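Trainee: Could you take me through one part of this model closely, in a single connected account?

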Amino acid sequence: MQKRIEWIKKSLTTCLTACLAGGLLFSGCAGRGGEKVNEIQIGVVVYDEYDTFISQLMNEFMEDVSEQIKNGKRISVKRYNAAGNQITQNEQVEEMIEKGCNVICVNLVDRTDPSMIIEAARKADIPVIFFNRELVEKDLMSWDKLYYVGADAFESGIMQGQIAADAWFENLETDRTLDKNGDGCLQYVVLEGEAGHQDSIVRSEYSVNALVDAGIQVDKCESSIANWSRAQAQTKMAQLLNKYGDTIELLLCNNDDMALGAIDEMKAQSIPREKWPVVVGIDGTDVGLEAVVNGDMLGTVYNNKEGQARAMLQLAIYAVTGEGYEKLELEDGKYIRFPYMRVTNENIGEFTE
Ligand code: BGC
Ligand code: CA
């Protein structure tokens, strides 16, 4: 007992924990293993805390935790940043386990390499909720206490393509400025996220498929990897402008940050907006939505971070206490995936309120 109190005192200084505010115990509630659980100790590690979408997702998560604490739940959270290194992340997970976390949330650095984490968690019998960076099914199925929370990548690509397709057809009815060279064909560039990330692979393919399915003739200038990063996208855009001048008609960006990086470059070069390609993003981050409001971006596809954060926490509570299973919409007992939403200036108000 003494040891446990000391641990709580120590963790109070090293991590966010407002658990004493509520003062309530989960007295009598049994974990999934049937044992009594006094406190939900969540360890969370992100692949990179400077990623705009991930940092906003984490803010939502921490707000939800505070809300639960206010409602009397005893929850503490230890946060880690793997800073893009899988070995670091493996060590951080081991540390969480040593420090007494009873559930772990992991935003994998390398989604193909969760084996060390799964092994360590299984040994200690601690459930793991993977999020945002989807591991392969075989790995997720390798133990019953592994889960995944994310979104349906196919849908995001399709919706992005549809936003651009709608704009193309609408524009054919008006001044036809979108088809800059008047060849009846849509010259496009894709700015891609990390190679190997499920969202980059799927979004890059399905956004273009949606244009073709809509009956548009497309002409690919090229696709260029900018690793989800605004700064890298700006550099890539400088190169693209060098090569293609203002002939690019559509810029499909795997996320808002890269769309904004490309826009940064066009602004830096003082290219007037009527010469820009149409820019479409994905995520609906605060800065992304702002760019839709001010017309820099035609649209984006909303990646429901609020839903994902809430589901992660509900799942963590369930995994530790066995409570709230009915609230979880688990697919195959393993997956929670949130739908995306199209965002353009027609419905932007619903997202910025
Ligand atoms: C988001 C990106 C983010 C990436 C990180 C994707 O779902 O759209 O903005 O950089 O996840 O894994
Ligand atoms: Ca054209």
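Mentor: In this predicted model, let us begin with the calcium ion (ligand 2), whose donors follow the spacing D-x1-N-x1-D-x1-C-x1-Q-x61-E along the chain. Put as residues and atoms, the protein donors of this calcium ion are Asp179 (OD), Asn181 (OD1), Asp183 (OD), Cys185 (O), Gln187 (OE1), Glu249 (OE) and Glu249 (OE), and they lie 2.3 to 2.5 Å from the ion. Glu249 thus appears twice in that list, with an OE atom each time, while the E that closes the spacing comes after the x61 stretch. As for their surroundings, aspartate 179 and cysteine 185 are both buried.

The other site to set beside it is that of ligand 1, which sits in the largest cavity. Around ligand 1 are Tyr47, Asp51, Phe53, Asn132, Arg133, His197, Asp199, Arg203, Trp228, Asn255, Asp283 and Asn303, a shell that divides into three nonpolar, four polar and five charged residues. Among these residues, aspartate 283 has a polar side-chain atom 2.5 Å from an oxygen atom of ligand 1, histidine 197 places one 2.8 Å from an oxygen atom of the ligand, and arginine 203 has one 2.9 Å from a ligand oxygen atom. Of the 310 Å² of accessible area that ligand 1 has on its own, the protein covers 99%.

Notes: Residues are numbered from 1 along each chain as its sequence is written. Chains are lettered from A and ligands numbered from 1 in the order in which they are written. This is a predicted model: local features need pLDDT of at least 70, side-chain atom pairs count only at pLDDT 80 or more; totals for chains, interfaces and linings use all residues. Side-chain values use heavy atoms; hydrogens and water are left out. A residue is near a molecule or strand if one of its heavy atoms lies within 4 Å of it. A polar contact is a pair of N or O atoms within 3.5 Å; within protein, one must be able to donate a hydrogen and the other to accept it, and residues adjacent in sequence count only if both atoms are side-chain atoms. Accessible areas come from the Shrake-Rupley method with a 1.4 Å probe; for residues, only the protein chains shown count as cover. On a 1 Å grid over the protein atoms alone, a cavity is a set of points where a 1.4 Å probe fits but cannot get out, and a pocket is an open set with protein on both sides within 12 Å along at least five of seven lines; lining residues have an atom within 4 Å of a point. A molecule sits in a cavity or pocket if more than half of its atoms lie within 2 Å of its grid points. Ala, Val, Leu, Ile, Met, Phe, Trp, Tyr, Cys and Pro count as nonpolar, Asp, Glu, Lys and Arg as charged, and the others, Gly among them, as polar. Donors are N, O and S atoms within 2.8 Å of the metal (3.2 Å for Na, K and Ca); water is not among the atoms, so sites may look incomplete. Buried means under 20% relative accessible area, exposed over 50%, partly exposed in between (1.4 Å probe, protein chains only).
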